[in-house]
Amino acid sequence: MPVYKYDVTMTCSGCSGAVTRVLTKLAGVDKFDVSLETQKVTVESETLTEQEILEKIQKTGKAAKVASA
């Protein structure tokens, strides 16, 4: 299953909560992890593209980009 990693600027639990809510509601997300401590979001999805997930995260108003390997 494809795993996508993102760097997301989150300053508080409200920020990470907003990202969590978006990913919970996003059809096609099989599993995800949001880490406020490391400012990282990891998403597993068989049907969504890396770009589709990134756009949804960015719609929360958080600065987000695909994490470099």
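1. A good place to start is Lys-40, which is partly exposed, with a relative accessible area of 37%. On this scale, buried means under 20% relative accessible area and exposed over 50%, with partly exposed in between (1.4 Å probe, protein chains only).

2. Before going on, note that this is a predicted model: local features need pLDDT of at least 70, side-chain atom pairs count only at pLDDT 80 or more, and totals for chains, interfaces and linings use all residues. Residues are numbered from 1 along each chain as its sequence is written, and side-chain values use heavy atoms, leaving out hydrogens and water.

3. What is the partner of Lys-40 in a salt bridge? Lys-40 pairs with Asp-7, and their closest N and O atoms are 2.5 Å apart. The pair joins distant parts of the chain, with Asp-7 in strand 1 and Lys-40 in strand 3, 33 residues apart. Asp-7 is buried, at 19% relative accessible area. A search of the whole structure finds one salt bridge (a side-chain nitrogen of Lys or Arg within 4 Å of a carboxyl oxygen of Asp or Glu).

4. Now look at helix 2, residues 50-58, where the buried residues are Ile-53, Leu-54 and Ile-57. They sit on the same side of helix 2 because they cover an arc of only 100 degrees around the axis, taken from the directions from the helix axis to the C-beta atoms. Helices (H or I, at least four residues) and strands (E, at least two) are DSSP runs, numbered from the N terminus.

5. Finally, try Val-41: its contacts (heavy atoms within 4.5 Å) include Tyr-6, Leu-23 and Ile-57, not counting residues up to four places away in sequence.
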